[in-house]
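User: I would like to learn how to read a few features of a structure, with the general idea set out before the particular case. Could we work through them one at a time?

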Amino acid sequence: MSITSLAFFAFLAVSLILYYIVPKKAQWIILLAGSLFFFAYASKLLILYMIGTTVLIYGGALFIQKFNDDFKSKKKELTKEERKKLKAAVKKKQHAVLTVIVILCVGILGVLKYCNFFGDIVNGISEMTLNKAIVPTFNLALPIGISYYTLMSVSYIVDVYRGTITAEKNPCRLLLFVCYFPHITEGPFDSYAKLNAQFREHHHFNYDSFINALCLLLVGLVKKMVLADRLAYISNEVFDHYTNYSGFPIIVGMLSWAVCIYADFSGCIDIVRGVSRMFGVEIADNFDRPFFSHSIQEFWRRWHITLGSWLKNYIFYPVSLSKSEKAFSKKINNICKNTYYSATIPTLFPLLCVWLVMGIWHGASWKYVVYGLYYFVIIFFGLMFEPIFSKILKDKKVLGGGYSKAFSLFQILRTDLLVIIGLTMFRADTLSQFGSMIKSLATINFNISNLMSNCIDLHKLDYVLILFLVVVLFVKEFIEEKGKNVDSWVTANSFRRWIWVTLAIIMVLLLGIYGTGYTEQVSVYAEF
């Protein structure tokens, strides 16, 4: 069930009516029932995988909580030394339970999503040594949102282990956290503490809040159905038939894809955030004008924000605080007397782990591994040369010893160029295709008439509409980058609010890509 389909909005309407007419204490049950229906509609019997993951983290968290509660009840009667020994024993048991549950949860994801990837690696080795493949290829179906609900499940049990939350005793409430339908298809990642607190609240229908949520939803629909889905025709033509193009048409395809994936992904996040707000539940935003970033590090703090936060909290910090990493950090401090490098070098291995996980999370392919390493290498060199760059920029002979607006613009354009190259790798079917496309940029060719004629579903007015919406999106984000909230300005006034609602509905109905004669463009991140 696509979140831009009529079936979805019919489902949403029924869910909202039931949600606000049942007793307030039963509202969470409507959310759970709706989420299970949504999941089962999309994945059918594959819903059992999600339920299985929920059972694992539910039982594991209760065990971890029990060990902790037993320790608290006994520690008052023990001496300081005895408490220390008991705490160490309890922590060891908790860690064992955590390890088993995380391995099982990630194992389900690994088997379903990555078995053929790792099988190909084994077969590659066996073919070199035994001249035959030893691992068969499996055709396994994936339940909707498995990459999202698995990581959220891991975050829940890790948070229980860390003691930041208490284990949920009601399995149905935990199930709601895992399968809450607005964030199951494309995220964002939210913490159990944040969502559970809102699920327990009694929500009353508020007209202004509902219309504001509708405004956000319509922003997403325009970005997805009117802009992104048109750009998809251009980018698909270039990437699917890249050998037919070179020079400027390739650049047009790369730029179209960069704007397409941003409008598509951020638009879908706006849709699900608007939907969730209609139920009185606020879920995280995933974007903060990323194409205005001055560095790759800043870009990834603004793009897919919740995935970055998850990787930081559950990959970077655990690796950084591991015994081996602490020992390595101590050795570096003894060897290196430069305070910057003695602090930076120990972070490189945790960063490598983060980017490897980020890459492989996106898909079972070497392309995604290299995609993650691409950003790691850029950040690595940025960190290593940071003192040199800072020294140069502080020199009064360079930029007058400060950061000018022109240099700030250069940083943004440089970052966007690196990102567009990375996104091209992300979209290309293979690394070979990516290399071929980058190589073809050297060809001097400014003729795009062939590209336009091959995009048979787009007409001249479609290109005008694309340019218009890209400019509007840029201006909106430029104004917001200056500290003004355009969305709040629109929703603050009833007249402006209804002008936008009317205009957006007309745009979606008349200009949206849907219906007979159009190929529905699947949401990019729904595939993950």
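User: Leaving aside its neighbours within four places in sequence, which residues is D462 in contact with?

Analyst: Please keep in mind that this is a predicted model. Once the neighbours within four places in sequence are set aside, D462 is in contact with R230 and D457. D462 itself belongs to helix α20, which covers residues 460-481.

User: Is D462 buried or exposed?

Analyst: The general idea is to compare the relative accessible area with a cut-off, and buried means under 20%. D462 has a relative accessible area of 12%, and therefore counts as buried.

User: How should I read a salt bridge within helix α20, such as the one between K476 and E480?

Analyst: An α-helix has 3.6 residues a turn, so residues three or four places apart point the same way. In this structure K476 and E480 both lie in helix α20, four residues apart, which is about one turn of the helix, and their side chains meet in a salt bridge at 3.0 Å, N to O. E480 is buried, because its relative accessible area is 12%. Salt bridges that share partners also join D288, R289, E298, R302 and E481 into one network.

User: How many salt bridges are there by this rule, and which helices hold D208 and R497?

Analyst: The rule asks for a side-chain nitrogen of Lys or Arg within 4 Å of a carboxyl oxygen of Asp or Glu, and by this rule the count comes to 18 salt bridges. One of them is formed by the side chains of D208 and R497, at 3.2 Å from N to O. This pair links distant parts of the chain, with D208 in helix α8 (residues 207-240) and R497 in helix α22 (residues 494-511), 289 residues apart. D208 counts as partly exposed at 40% relative accessibility, whereas R497, with a relative accessible area of 6%, is buried.

User: What does the span of helix α9 tell me, and how many of its residues are buried?

Analyst: The general idea is to set the span against that expected at 1.5 Å a residue. Helix α9 (residues 248-278) has 31 residues and reaches 44 Å from its first C-alpha to its last, close to the expected 45 Å. Of those 31 residues 26 are buried, so α9 is largely enclosed by the rest of the structure. After α9 comes G280, whose phi is positive, near 80°.

User: Which residue meets R273 in a salt bridge?

Analyst: The side chain of R273 meets that of E282, at 3.4 Å from N to O. R273 counts as buried at 10% relative accessibility, while E282, at 32%, counts as partly exposed.

Conventions: Residues numbered from 1 in each chain as written. Predicted model: local features only at pLDDT ≥ 70, side-chain atom pairs only at ≥ 80, totals over all residues. Heavy atoms only, no water. Helix = DSSP H or I, 4+ residues; strand = E, 2+ residues; numbered from the N terminus. Buried < 20%, exposed > 50% of the residue type's maximum accessible area, 1.4 Å probe, protein only. Contact = heavy atoms within 4.5 Å.
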